[in-house]
Structure formats: structure tokens, C-alpha cells
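Thank you all for coming. I would like to walk through one model this morning, going from the sheets outward to a few single residues.

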Amino acid sequence: MKAQVLNSETGPSGLALTDVDDPTPADGQVLVDIKSCGVCFPDLLMSQGKYQLRLPTPFTPGTEVAGVVAEAPEGSGYAVGDRVLVMSVVGGFAEKVAAAPTQLLPIPEGLTFDEGAALGINFQTALFALQTRAHLQPGETVGVLGSAGGVGVATIAVAKALGARVIAIVHRNGAEEMLRATGADEVVSLTDGWGDRVKELTGGAGVDVLIDPVGGEVFDEALRQVATDGRFVVIGFAAGGIPQVKLNRVLFRNIAVVGAAWGEYLRTHPNLPTELHEQLTTMIADGMRPPVNRTYPLAELPQALSDLENGQILGKAVIHIAD
């Protein structure tokens with residue numbers, strides 16, 4: 001089979017499209033023919049040797065798989081021909097992958113394989129952050145930093161499905177149409193005075209929930225935009241810097257700063273993906289769709305990761321591997 005193999009932790013340039021042996025499923029594993037695989041920030045970090053999980057090279061990255069079951073042992077709960085998502089951790093940028101049944105979830109009715117791959121980790125993270133960690137209520141207002149990225153568009157879509165008003169906060173030009181199509185009620189450009197604009201849009205109160213996958217230098221100003229009794233949810237540090245929390249602001253304004261590390265939470269709550277997936281499936285049945293904003297063939301994975309690194313992808317990119 002064809003696979004993108006990372007031969008050195010030098011970033012996207014360390015990848016090469018290679019002929020490799022098909023995976024041989026271990027006892028109890030399911031073999032999946034891969035149709036699509038989402039492109040996400042952990043893939044980029046893994047190619048650079050900067051992710052918390054480091055594997056010896058060579059290996060094939062890829063974590064957000066959508067495909068069809070090719071082989072399934074009795075008792076696995078899956079059958080040949082089933083359309084599935086695979087939380088593969090690695091191995092997704094290839095034509096086949098073997099995984100344990102616990103890593104598989106059914107693709108919701110009506111989704112394409114590209115949309116299934118876009119559902120992936122981002123939508124799980126968004127629902128986890130908004131519901132499990134922030135306890136979002138219908139009618140509340142959500143601010144989304146980094147809203148033009150994969151986690152950002154997922155958060156907008158899920159927040160709308162949960163009945164929230166959404167303010168997308170974005171630093172990249174040309175994203176407004178895409179963000180509004182995803183469900184943003186308001187779009188605020190991350191330029192001088194952006195915090196004043198958020199306050200204006202919320203009648204001076206600020207947002208009830210602010211989702212931050214960015215970190216870095218905008219943190220202090222973002223914290224000021226959280227309303228009394230509001231929740232600031234830290235998802236990651238895509239901007240590179242890890243900010244310091246000024247606790248006097250947290251204390252005197254009666255707000256909460258909470259973390260939402262989906263992957264770490266699974267260590268103590270292994271049933272979380274299934275529980276969240278059931279809710280996401282209901283949202284999809286009610287009309288929510290994971291946006292696929294850009295697709296690449298498998299041969300162009302290095303370009304896709306480079307585009308992600310350089311901010312050239314608005315929304316979610318997917319590697320389309322087979323029809």
C-alpha cells in the first residue's frame with residue numbers, strides 16, 4: 001500500500017510517499033480501508049518531534065481516519081463494509097490501518113468520508129470544552145479565539161448546535177464569510193480595540209464562555225472579555241507562548257479558568273469518545289455538518305502540513321485518499 005512515512009523529525013519535509021506492506025491486524029484488531037484523513041495540529045507537531053507522543057522514525061502519522069471495515073474478527077462489534085471513524089493516533093496517512101475496536105466509531109448517517117474525517121478530534125474537543133468543562137447553557141454567548149482554525153470552526157458549529165450565540169474572533173483576513181457560514185453570529189477582527197468590540201456586542205457584559213486554543217500574547221486582553229460568572233477555557237497554545245494567569249482578575253471578577261485537554265481526560269474517562277459521539281451524531285441528524293474547507297491528495301500531505309503551519313488553511317483540511 002501507499003503511505004506517507006516520516007523518516008526524520010524535520011517537519012513536513014521529513015515525509016515521503018512510500019510503498020509499504022499492508023498492516024497485519026493483531027488479535028482482536030479491525031482492518032480498515034482508509035478513504036480520508038483529517039489534517040490536525042498534532043500531526044504537524046509530531047512531524048517536528050514537538051508532540052507529547054514521540055515515536056521512533058520511520059512511522060506514518062495521521063490521527064483522524066474515516067474509512068470502511070475490510071476485516072473484522074468475530075465479537076468486535078463491526079462487520080466488513082461498515083463505515084467507521086478511527087482514532088488511530090498514528091497510521092492514518094495511508095491506504096489501510098489496523099486498530100482496536102475501541103478506537104472505532106460509526107460514521108454518522110449522511111456524512112461523506114471527508115466530512116467524517118473532519119469530524120475527528122476537533123468536534124470531540126469542541127463538545128468536551130463547551131459542555132463537559134464549561135457547562136454551556138442555551139442562550140449564553142461564546143467567544144472563540146483562533147476561530148479560523150480546525151478547532152475554531154468545530155467550536156462555532158457545536159456552540160450553535162447547543163443553542164449559544166457565537167462571536168468568532170479571528171486574526172486572519174478573508175475568513176468572515178466562512179465563519180458566518182459555519183454559524184458565527186458575529187465576527188471580530190483581532191486588531192487593536194478588538195476587546196472593546198466584543199464588549200460592545202455583549203452590551204458591556206462580556207462573553208459567558210471564551211474558548212482559547214491559541215494562548216500567547218492575546219491572553220490578558222481575552223481574559224478581560226469574560227463576563228461575571230463566565231468561564232475561560234484553555235484548549236492549547238497554538239501561538240506558542242504559555243501565558244500566566246493574573247489571579248486577581250479571576251478573583252475580583254468571579255470568573256473561572258479551566259483546562260480542556262481531551263486526550264489527557266481519556267486516561268481516566270475512557271468512555272468519553274463514545275458518549276460525545278452519540279451527542280454529535282444527534283447534532284448531525286439535526287443538521288450540523290463538519291465543514292471541509294480544503295482537500296489534498298495523499299501525495300500532497302507535506303504541502304498540507306506546510307500550509308497549516310503557515311496559516312494558509314482557513315477551517316479544516318482533509319487528505320482525500322480514496323473514493
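Let me begin with a question: in which sense do strand 11 and strand 12 pair, and over how many bridges? This is a predicted model, and what I say should be heard with that in mind. In it, strand 11 and strand 12 pair in the parallel sense, over five bridges. Within that pairing, V207 stands opposite V226, a residue of strand 12.

These two strands belong to an open sheet of six strands, in the order 10-9-8-11-12-13, where the pairing is parallel. At the edges stand strand 10, residues 186–189, and strand 13, residues 256–259; each has a single partner strand, so one side of each is left without a neighbour in the sheet. On average, and with direction ignored, neighbouring strands of this sheet are turned by 20° against each other.

Now to the helices that meet this sheet. Helix 2, residues 113–133, lies across strand 8, strand 11, strand 12 and strand 13, and runs at about 145° to strand 11. Helix 5, residues 194–201, also packs on the sheet, where it touches strand 9, strand 10 and strand 11, with its direction making about 160° with that of strand 10.

Staying with helix 5, I would like to pick out K199, which lies in that helix. Is K199 buried, partly exposed or exposed? Its relative accessibility is 24%, and because buried means under 20%, K199 counts as partly exposed. Leaving out residues up to four places away in sequence, K199 touches G204, A205, G206, R224 and Q225. The last of these, Q225, is 26 residues from K199 along the chain, yet the C-alpha atoms of the two are separated by 6.8 Å.

Back in strand 11, D212 is a residue I would ask you to look at with some care, since it has a relative accessibility of 2% and therefore counts as buried. D212 is placed in strand 11, which covers residues 207–212, and, once neighbours within four places in sequence are set aside, D212 is in contact with L145, F219, F232, V233, V234, I235 and G236.

For something at the surface, consider V245, which is found in the loop between strand 12 and helix 7. V245 counts as partly exposed, at 36% relative accessibility, and together with L247 and V257 it forms a nonpolar patch on the surface, with about 240 Å² of accessible area for the three together.

Let me turn to strand 4, residues 64–71, where six of the eight residues are buried, so that this strand is largely enclosed by the rest of the structure. Strand 4 pairs with strand 3, residues 30–39, in the antiparallel sense over seven bridges, and there D33 has V68 of strand 4 as its bridge partner. Strand 4 is also joined to strand 5, residues 83–87, by five bridges, and these two strands again run antiparallel; here E64 has M87 of strand 5 as its bridge partner.

Finally, which residues of helix 10 are buried? In this helix, residues 301–309, they are L301, P302, A304, L305 and D307. What covers them includes strand 1, strand 2, strand 3, helix 1, strand 14 and strand 15. After helix 10 comes G311, whose phi is positive, near 70°.

Key:
Residues numbered from 1 in each chain as written. Predicted model: local features only at pLDDT ≥ 70, side-chain atom pairs only at ≥ 80, totals over all residues. Heavy atoms only, no water. Patch = residues over 30% accessible without salt bridge, like charges linked within 9 Å, V, L, I, M, F, W, Y side chains within 5 Å. Areas by Shrake-Rupley, 256 points an atom, 1.4 Å probe, with all protein chains shown as cover. Salt bridge = Lys/Arg side-chain N within 4 Å of Asp/Glu carboxyl O. Helix = DSSP H or I, 4+ residues; strand = E, 2+ residues; numbered from the N terminus. Buried < 20%, exposed > 50% of the residue type's maximum accessible area, 1.4 Å probe, protein only. Contact = heavy atoms within 4.5 Å. Pairing = 2+ DSSP bridges. Axes fitted to C-alpha atoms, helices over the stretch in contact; angles between N-to-C directions.
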